[in-house]
Structures are given as structure tokens and as C-alpha cells.
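Reader: I am new to this structure and would be grateful for a close look at one part of it. Please begin with a single residue and then explain what lies around it.

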Amino acid sequence: MALFFLGYLLVDLIVSGVAGINWNFLSSPANPNPDRAGISSAIVGTLWLMVLTAAFAIPMGLGAAIYLEEYARNTRFVRFIKLNIQNLAGVPSIIYGILGVTLFVNALNLGQSLLAGSLTMALLVLPVITIAAQEALRAVPDSFRLAGYGIGMTRWQVVRYQVLPVASPGILTGIILALSRAIGESAPLLLVGAAGFIAYLPISPMDGYTVLPIQIYNWTARPQAEFHAIAGSAIIVLLVVLLLMNAAAIYLRLYFRKKLSYLHS
């Protein structure tokens with residue numbers, strides 16, 4: 001029954017929103033007139049946010065996973081850290097928004113900028129990336145490590161040349177799925193100052209911004225039916241972006257698995 005209603009909503013969304021998707025809609029900024037409103041500022045803001053979030057979260061998440069799985073001893077403190085990372089992955093996103101307001105907007109005085117928003121989203125997806133990378137590293141057989149040590153490799157050389165290539169499908173999949181979650185979030189960004197109406201394109205990390213989920217929320221909150229129609233068009237664009245990212249995760253996982261099986265055959 002739930003699948004039936006979900007399918008009905010998707011069909012209704014496509015029927016009502018696909019007609020509004022055209023080049024003017026994709027290339028025009030927000031406008032008080034629904035006939036002239038577009039999502040270019042939201043698309044650019046989403047791209048900015050995704051790139052900055054990835055730049056902050058991926059090195060920290062991957063570095064933390066490598067240290068915890070390959071370097072740290074299995075002590076009580078390390079087990080405590082791993083448990084807390086798992087707990088952080090289940091914290092509601094609105095809590096990260098409150099943390100972002102307190103730390104980045106107010107304490108560091110970054111204001112309602114792209115930088116503050118991307119740092120907040122980096123905190124949100126950091127546990128997810130770390131856990132995915134940990135699981136991928138843990139799945140690598142110890143024989144790969146022992147083979148490296150047997151020919152005189154250092155620990156870092158073993159990690160870099162033996163472990164990471166084998167773990168890369170799982171790591172890349174976790175990273176893409178984590179960034180997909182960041183693109184679809186709106187509650188933390190509302191708290192840290194993402195605007196519902198931006199009529200210009202952000203060109204630096206300190207600019208104001210909006211993203212697709214917040215633009216959709218702003219249009220659906222208006223009483224005019226015309227804004228509801230273009231909100232449906234924006235939802236379709238957002239769904240296409242998310243589906244493409246998930247498809248990329250599946251493709252990369254299959255590609256690297258096939259490549260690794262070919263090298264080891």
C-alpha cells in the first residue's frame with residue numbers, strides 16, 4: 001500500500017512538474033514572479049556546497065578511518081572513539097544545524113555564508129564517510145598486508161599500495177552516498193542561514209546562498225498554485241541529481257571490483 005501511494009505521488013509529480021523544466025527555468029535565478037522564476041542560483045549554491053563539503057569531509061573522514069583501522073591499537077579508548085563515531089552517524093541533522101550556528105556562524109564569525117554551511121554539512125557527513133571507509137578497510141584480507149610486509153614495505157606503503165586500492169570501491173560508494181545525503185538536507189542549512197530567495201549566483205565561499213531543497217521549501221510554502229507547480233519541477237531536478245549520484249556510486253563500485261578481480265586473476 002505504501003509503495004502504491006509513493007508511486008502515485010511520483011507519477012503526479014512528474015505529470016505536473018515536467019512541463020515546467022526548460023532552459024529558462026534552469027538558467028534563471030529566483031524571481032517573485034513564478035513565470036520568470038528559475039533555479040540557477042539554487043543549482044550553483046548546491047554545487048558550491050557539495051564541493052566545499054567534500055573538500056572538508058573526505059580528507060578528515062578517510063584519515064580518521066585509516067588511523068583507527070591501520071595504526072591505532074585496539075585499546076579501550078580507541079573502542080570508545082569508534083562507538084562514538086557510530087553514534088554520531090545517527091544524530092538528527094537538526095542537531096548539527098544548532099552546532100553550526102553556535103560554532104561557525106557565531107563563534108568563528110563566518111556569518112550566513114557558504115563556508116559556514118559547508119562546514120556544518122561536513123560535520124554531518126563526516127561520521128558516515130568514516131564508518132564507510134572503516135568497513136571497506138576492515139574487509140581487506142590480512143594476506144594483502146602480510147604480503148606487503150613480507151617484501152619490506154613500510155606500514156604506510158602497505159596502506160597506500162596494498163590496502164587502499166582494494167578498499168576503494170567501498171570507500172567511493174560511501175563518499176558518494178554521504179554527499180547525496182548532504183545535497184538532500186535542508187534543516188541544518190535553514191539554521192545556519194541559507195536563504196530561501198537569492199537572485200544572484202554565489203561566486204565565493206563567503207557569499208550568501210540557497211540550495212535546491214530550501215528553494216523547493218520556499219516555493220511550496222507560498223499559497224499560489226503557480227509556485228507549487230515550479231516547486232514540482234525543482235523536485236524532479238533534485239531527484240535526477242540524487243539518482244545520478246547513486247548510479248555513479250553503483251558504477252564505480254562495479255568498475256573497481258571488476259578491475260581488481262582482473263588484476264588478481
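Author: In this predicted model, Ile98 has a relative accessibility of 47% and therefore counts as partly exposed, since that class lies between the 20% limit for buried residues and the 50% limit for exposed ones. Ile98 is placed in helix 5. Together with Ile94, Ile95 and Leu191, Ile98 forms a nonpolar patch on the surface, and the accessible area of these four residues together is about 320 Å². Helix 5 gives the largest share of this patch, namely three residues.

Helix 5, which spans 93–107, also takes part in the interior. The largest nonpolar core has 57 residues, and among those with the most contacts inside it are Ile39, Val125, Leu137 and Trp219. At least two residues of this core come from each of several helices, including helix 5, helix 6 and helix 8 (155–184). In soluble globular proteins, nonpolar side chains tend to be buried together.

Leu137 offers a view of the surroundings within this core. Leaving aside residues up to four places away in sequence, Leu137 touches Ala65, Ile66, Glu69, Glu70, Arg145, Val163, Leu164 and Ala167.

A polar residue may be set beside these. Gln134 belongs to helix 6, residues 114–138. Its relative accessible area is 5%, so Gln134 is buried. With the same sequence neighbours left out, Gln134 touches Ala65, Leu68, Glu69, Lys82 and Ile85. The side chains of Gln134 and Glu69 are joined by a polar contact of 3.0 Å.

Methods
Residues are numbered from 1 along each chain as its sequence is written. This is a predicted model: local features need pLDDT of at least 70, side-chain atom pairs count only at pLDDT 80 or more; totals for chains, interfaces and linings use all residues. Side-chain values use heavy atoms; hydrogens and water are left out. Helices (H or I, at least four residues) and strands (E, at least two) are DSSP runs, numbered from the N terminus. Buried means under 20% relative accessible area, exposed over 50%, partly exposed in between (1.4 Å probe, protein chains only). A polar contact is a pair of N or O atoms within 3.5 Å; within protein, one must be able to donate a hydrogen and the other to accept it, and residues adjacent in sequence count only if both atoms are side-chain atoms. Contact means heavy atoms within 4.5 Å. A nonpolar core is a set of buried Ala, Val, Leu, Ile, Met, Phe, Trp, Tyr and Cys residues joined through side-chain atoms within 4.5 Å. Patches are made of residues with over 30% relative accessible area and no salt bridge: like charges are joined within 9 Å, nonpolar side chains (Val, Leu, Ile, Met, Phe, Trp, Tyr) within 5 Å. Accessible areas come from the Shrake-Rupley method with a 1.4 Å probe; for residues, only the protein chains shown count as cover. A salt bridge is a side-chain nitrogen of Lys or Arg within 4 Å of a carboxyl oxygen of Asp or Glu.
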